[in-house]
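Here is a short tour for anyone who likes to look at a fold from the inside out. Please keep the viewer open while you read.

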Amino acid sequence: MYNESSRPEIPKYINLGAGSFYHPLWHNVDMPNGFYKVLQNNPYIEHDFSSRDSLPLKDDSVEIVYCSHVIEHLSSEDVRHLFLEVKRVLKAEGVFRLTFPDSDLTYRAYMMKDDYFWGPASPWKTNPKNQSEKYLEHVATLLSPTFSNVSQNVISEQQLAQMANVLNRENFLDELVALLPEDANSILPEGHCNWFNYSKAESLLRDCGFGRINRSAYLQSNEAKLREPTMFDGTTPEWSVYVECQI
């Protein structure tokens with residue numbers, strides 16, 4: 001699938017927020033922090049996605065950009081800036097593949113009281129006592145009482161239920177995000193501080209200049225290089241949205 005036999009000097013294949021990802025021909029771009037340090041064992045280009053600085057990549061130079069389960073850790077302004085930067089560095093026929101947790105699924109699970117949805121253990125290694133705490137961990141992590149040791153504003157089970165009963169889904173989710181501190185990503189880098197579904201991501205991508213946007217699925221990329229099952233789309237596929245776009 002690749003013409004190269006070694007990693008290109010000028011990056012052509014980029015994984016944003018790569019964590020433990022390693023491919024001999026790809027470049028990782030990641031933000032160093034204590035929580036993810038254990039995963040960041042492979043060389044990577046350092047970049048803070050919340051800084052709103054330019055990606056350290058040349059204009060019109062990258063063939064593929066992959067970004068998996070990153071944007072839910074960033075503010076909407078940070079995500080907009082990131083999308084604009086991806087558009088800047090992507091070649092005319094380049095591919096941007098984006099994956100993230102589906103807020104529609106988690107919202108539905110919470111509203112239906114589907115206790116089997118969440119799995120046996122918290123990904124944050126906490127001990128949530130009820131549906132409310134499980135849901136908050138996934139959509140606005142610092143609002144969950146399980147993080148009361150680092151958060152000054154947590155929401156009780158009763159408060160969350162009251163909000164869900166009086167607000168429609170989008171206003172409910174926006175209100176939860178608005179209750180988070182502005183520096184939520186700095187306080188808890190592993191926490192979620194934003195919500196996305198396909199419609200919200202598509203709208204933002206379109207606003208940032210992407211014209212060919214399609215909903216994809218697990219390992220169903222139009223780009224063969226992105227269909228390697230040991231490399232891509234492995235983070236909670238049962239909860240994820242997959243979006244693929246071009247300029």
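What follows is a walk through a predicted model, from a central strand to the core, the enclosed spaces and the charged pairs.

**Strand E7 and its neighbours**

Let us begin with strand E7, which spans residues 240-246. How many of its residues are buried? Seven of the seven are, so the strand is largely enclosed by the rest of the structure. Buried here stands for under 20% relative accessible area. In a regular strand the side chains alternate between the two faces of the sheet. In E7 both faces are covered: one side carries Ser240, Tyr242, Glu244 and Gln246, and the other carries Val241, Val243 and Cys245, all of them buried.

Which strands pair with E7? Strand E5, residues 90-101, pairs with E7 in the antiparallel sense over six bridges. Within this pairing, Pro101 has Ser240 as its bridge partner in E7. Strand E6, residues 212-215, also runs antiparallel to E7 and is joined to E7 by four bridges. There, Ile213 stands opposite Cys245 of E7.

**The nonpolar core**

Both E5 and E7 also turn up in the largest nonpolar core, as each gives two or more residues to this core. The core has 32 residues, and the ones that touch the most other members are Leu16, Phe83, Phe96, Leu98, Leu205 and Phe210. Besides E5 and E7, the elements giving two or more residues are strand E1 (13-16), E4, helix H1 (76-89) and helix H7 (198-207). Which element gives the most? H1 does, with five residues.

**Enclosed spaces and a pocket**

The structure holds two cavities of 30 Å³ or more. The largest cavity contains about 100 Å³ of space. Its lining is made up of Glu72, Phe100, Pro101, Asp102, Ser103, Thr106, His138, Val139, His192, Asn194, Trp195 and Phe196. Two or more of the lining residues come from each of E5, helix H2 (103-111) and helix H3 (131-139). Pro101 is thus a residue to remember: Pro101 lines this cavity and is also the bridge partner of Ser240 in E7. By class, the lining of the largest cavity has five nonpolar, five polar and two charged residues.

The second largest cavity has a volume of about 40 Å³. Around this space sit Thr141, Leu142, Leu180, Ala184, Asn185, Leu188, Gly191, His192 and Cys193. The lining divides into five nonpolar, four polar and no charged residues. His192 appears in the lining of the largest cavity as well as in that of the second largest.

Turning to open spaces, the second largest pocket holds about 400 Å³. Of its 22 lining residues, Ser75, Ser76, Glu77, Val177 and Glu182 are the closest to the centre. H1, H5 and helix H6 (184-187) each give two or more residues to this lining. Its classes are eight nonpolar, seven polar and seven charged residues.

**Charged pairs**

Side chains of opposite charge can pair when their charged atoms come close. The structure holds 16 salt bridges, and the table shows three of them.

| Salt bridge | Closest N and O atoms |
|---|---|
| Lys91 and Glu63 | 3.7 Å |
| Arg212 and Glu93 | 3.7 Å |
| Arg169 and Asp104 | 2.9 Å |

The salt bridge between Lys91 and Glu63 links distant parts of the chain, with Lys91 in strand E5 and Glu63 in strand E4 (residues 62-68), 28 residues apart. Lys91 counts as partly exposed at 30% relative accessibility, and Glu63 as partly exposed at 26%.

In the salt bridge between Arg212 and Glu93, Arg212 lies in strand E6 and Glu93 in strand E5, so the pair ties together parts that are 119 residues apart in sequence. Arg212 is partly exposed at 35%, whereas Glu93 counts as exposed at 57% relative accessibility.

For the salt bridge between Arg169 and Asp104, Arg169 lies in helix H5 (residues 169-179) and Asp104 in helix H2, so parts 65 residues apart in sequence are tied together. Arg169 is partly exposed, with a relative accessible area of 25%, and Asp104 is partly exposed, with 31%.

Which residues form a network? Salt bridges with shared partners join Glu4, Lys12, Glu63 and Lys91 into one network.

Conventions: Residues are numbered from 1 along each chain as its sequence is written. This is a predicted model: local features need pLDDT of at least 70, side-chain atom pairs count only at pLDDT 80 or more; totals for chains, interfaces and linings use all residues. Side-chain values use heavy atoms; hydrogens and water are left out. Buried means under 20% relative accessible area, exposed over 50%, partly exposed in between (1.4 Å probe, protein chains only). Two strands pair if DSSP finds at least two bridges between them. On a 1 Å grid over the protein atoms alone, a cavity is a set of points where a 1.4 Å probe fits but cannot get out, and a pocket is an open set with protein on both sides within 12 Å along at least five of seven lines; lining residues have an atom within 4 Å of a point. Grid points are joined across faces, edges and corners, and a volume is the space filled by probe spheres set on the points. Ala, Val, Leu, Ile, Met, Phe, Trp, Tyr, Cys and Pro count as nonpolar, Asp, Glu, Lys and Arg as charged, and the others, Gly among them, as polar. A salt bridge is a side-chain nitrogen of Lys or Arg within 4 Å of a carboxyl oxygen of Asp or Glu. A nonpolar core is a set of buried Ala, Val, Leu, Ile, Met, Phe, Trp, Tyr and Cys residues joined through side-chain atoms within 4.5 Å.
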